[in-house]
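Work through the exercises below with the sequence and the model side by side. Try each task before reading its solution.

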Amino acid sequence: MSAQSPAVVTAFISFTELVGLLQRIFVRHGTSPEVAAILAQNCASAERDGAHSHGIFRIPGYLSTLASGWVNGAAVPTVSDVASGFVRVDAGNGFAQPALAAARGLLVSKARSAGIALLAIHNSHHFAALWPDVEPFAEEGLVALSVVNSMTCVVPHGADRPLFGTNPIAFAAPQADGAPIVFDLATSAIAHGDVQIAARKGERLPPGMGVDSLGQPTQDPKAILEGGALLPFGGHKGSALSMMVDPSKTAGQSFAERSQELVRQMHAAGLRRLPGDRRHRARAKSQEAGIELGAQELRQLHEWAAD
């Protein structure tokens, strides 16, 4: 009798329902309602768009950091208007997204007035996808760039031990007729969360992703996580960086039109998939059928949300 794989039971939940469920979980485990609303929107957006390594996969991590006191889930950010194009926020040992939300209005006002503005967030923790931080700015016709440093887990090219973090970069620009151009990439060859997911599933990684504890190349995600390290990125991520062209203060809508022309030329050159295309397809599918979750995952979320 041949062995059979166990059946996987799934369930569907709407985006609105998932946001509400996650809000209850965050509040139940120590965040303020205001922080919970922001984190739930971010986490549900990642799950909706198929960015599973930053969706509900992250909930146990959120809960453990809140339980340990490593992060203050009820912190109230302090916004400082430092200069004509500079805003600084002390996140109060809280999450970075509420700090961004607190400074958003002032930041946008400065960017529209001066043509460029910088927001520096400190004393914060960022535990989520980076693209939800920048996409809303592009939807308002602005260009946004965000960078975040992280824990040491990446071996610099030519070195023999980890020094860098995955240090993600996110970029968003408006497009005249369509969704914003958005990319979010780790400067490592693969996101740390994706390595964790592969280890959990018992899957091997493609070559060139990381090294084991002896510094030898490995495709075993567990070897990378247990004393090994990630390698820095290359290939298509370099081309994604080249998409970032400085906007002109007086360009206005023409910048969005130039972005659209750039997309047209990339397609004409034979590029079949732009950054964000897969995410938008997943979003459309989720909006039509609901967000597909494992039945056990959904039960666990309801348990975490229960009083």
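Helices (H or I, at least four residues) and strands (E, at least two) are DSSP runs, numbered from the N terminus. Leu163 is placed in the loop between β5 and β6. This is a predicted model, in which local features need pLDDT of at least 70, side-chain atom pairs count only at pLDDT 80 or more, and totals for chains, interfaces and linings use all residues. Residues are numbered from 1 along each chain as its sequence is written, and side-chain values use heavy atoms, with hydrogens and water left out.

**Exercise 1. Two residues of one loop**

Task: Decide whether Leu163 is buried or exposed, then do likewise for Thr166.

Solution.
Step 1. Set the cut-offs: buried means under 20% relative accessible area, exposed over 50%, and partly exposed in between (1.4 Å probe, protein chains only).
Step 2. Leu163 has 55% relative accessibility and therefore counts as exposed.
Step 3. Thr166 also lies in the loop between β5 and β6. Its relative accessibility is 12%, so Thr166 counts as buried.
Step 4. List the contacts, where contact means heavy atoms within 4.5 Å. With neighbours within four places in sequence left aside, Leu163 touches Thr152, Val154 and Pro156. The C-alpha atoms of Leu163 and Thr152 are 5.4 Å apart, although 11 residues separate the two in sequence.
Step 5. Leaving aside neighbours within four places in sequence, the contacts of Thr166 include Ser150, Met151, Cys153, His192 and Leu230.

**Exercise 2. The sheet on either side of the loop**

Task: Work out in which order the three strands of the open sheet are arranged.

Solution.
Step 1. Two strands pair if DSSP finds at least two bridges between them.
Step 2. β5 and β6 (residues 169-173) pair in the antiparallel sense over four bridges. In this part of the sheet Ser146 stands opposite Ala170 of β6.
Step 3. β6 and β7 are joined by five bridges and run antiparallel. Ile169 has Leu185 in β7 as its bridge partner.
Step 4. The order is β5-β6-β7, with antiparallel pairing. β5 (144-147) and β7 (181-185) are the edge strands, each pairing on one side only. From one strand to the next, the twist averages 5°.
Step 5. Check the burial of β7: four of its five residues are buried, so β7 is largely enclosed by the rest of the structure.

**Exercise 3. Helix α5 and its neighbours**

Task: Describe how α4 and α5 are placed relative to each other, giving the distance and angle of their axes.

Solution.
Step 1. Axes are lines fitted to C-alpha atoms, for helices over the stretch in contact, and angles run from 0 to 180 degrees between N-to-C directions.
Step 2. The axes of α4 (residues 96-114) and α5 (residues 131-139) come within 11 Å and cross at roughly 20°.
Step 3. Angles under 35 degrees count as roughly parallel, over 145 as roughly antiparallel, 65 to 115 as roughly perpendicular and the rest as oblique. α4 and α5 are therefore roughly parallel to each other.
Step 4. In the contact, Gln97, Leu100, Arg104, Leu107 and Val108 of α4 meet Asp133, Pro136 and Phe137 of α5. By class, the contact of α4 with α5 has five nonpolar, one polar and two charged residues (Ala, Val, Leu, Ile, Met, Phe, Trp, Tyr, Cys and Pro count as nonpolar, Asp, Glu, Lys and Arg as charged, and the others, Gly among them, as polar).
Step 5. α5 also lies across β5, β6 and β7, at about 15° to β6.
Step 6. Asn42, in helix α2, is buried with a relative accessible area of 5%. Leaving aside neighbours within four places in sequence, Asn42 has contacts that include Gln97 and Asp133.

**Exercise 4. Helix α3**

Task: Find which residues of α3 are buried and what they pack against.

Solution.
Step 1. In α3 (residues 59-68), the buried residues are Ile59, Gly61, Tyr62, Leu63, Thr65 and Leu66.
Step 2. They pack against α1 (15-28), α2 (33-48), β3 (86-95) and α11 (295-305).
Step 3. Take α1 as the example: its axis and that of α3 come within 10 Å and cross at roughly 20°. The two helices are therefore roughly parallel to each other. Leu22, Ile25 and Phe26 of α1 make the contact with Ile59, Tyr62 and Leu63 of α3. These residues divide into six nonpolar, no polar and no charged.
Step 4. After α3 comes Gly69, with a positive phi near 80°.
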